[in-house]
Amino acid sequence: MATGETGFDDVSYDLISVQYHALKAGHDYGQYVRDAENAGKQEIADFFRRVMEEDSARAKQCHDFLKELSGSSDSGPALT
């Protein structure tokens, strides 16, 4: 099994990375929604809401995959 510099298998690391970035972006999108609403651009605010929902779903799917992997020998700290 290939392992990265972190000691975790590449798939777990990749899922964690996608989850982190999706959650962080979701935090930022709240400001984007407010900015669009303050500018009177409801269609753009709705777009940012959809993007936020998509990232939230993406983060949840990563979480589910990580739970699934944690029950197997295919994830977690690499054995060296």
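Mentor: Let's start with what counts as an element: helices (H or I, at least four residues) and strands (E, at least two) are DSSP runs, numbered from the N terminus. By that rule, the protein has two helices and zero strands. This is a predicted model, where local features need pLDDT of at least 70, side-chain atom pairs count only at pLDDT 80 or more, and totals for chains, interfaces and linings use all residues. Numbering runs from 1 along each chain as its sequence is written, and side-chain values use heavy atoms, with hydrogens and water left out.

Trainee: How many Å should the residues of helix 1 span?

Mentor: The expected span of a helix is 1.5 Å times one less than its number of residues. Helix 1 has 29 residues, so it should span 42 Å, and its end C-alpha atoms are indeed 42 Å apart. After helix 1 comes Gly40, with a positive phi near 75°.

Trainee: Which residues of helix 1 are buried?

Mentor: Buried means under 20% relative accessible area, exposed is over 50%, and partly exposed sits in between (1.4 Å probe, protein chains only). In helix 1 the buried set includes Leu15, Gln19, Ala22, Gly26, Tyr29 and Val33. An α-helix has 3.6 residues a turn, so residues three or four places apart point the same way. The buried residues of helix 1 pack against helix 2 (42-70). Across the protein, buried residues make up 26% of the 80 residues.

Trainee: Gln19 caught my eye in that list. What is Gln19 in contact with, leaving aside its neighbours within four places in sequence?

Mentor: Contact means heavy atoms within 4.5 Å. With those neighbours set aside, Gln19 touches Ala59, Cys62, His63 and Leu66. Gln19 lies in helix 1 (residues 10-38) and counts as buried because its relative accessibility is 17%.

Trainee: And how many aromatic pairs does the structure hold?

Mentor: Rings of Phe, Tyr and Trp (its six-membered ring) pair if their centres lie within 6.5 Å; planes under 30 degrees apart count as stacked, over 60 as edge-to-face and the rest as tilted. There are three aromatic pairs here. Take Tyr29 and Tyr32: their ring centres are 5.6 Å apart and the planes sit at 55°, so the pair is tilted. Both belong to helix 1, three residues apart, about one turn of the helix. Tyr29 is buried at 16% relative accessibility, while Tyr32 is partly exposed at 35%. Phe47 and Phe48 make another tilted pair, with centres 5.5 Å apart and planes at 55°. Ring pairs link Tyr29, Tyr32, Phe47 and Phe48 into a cluster.
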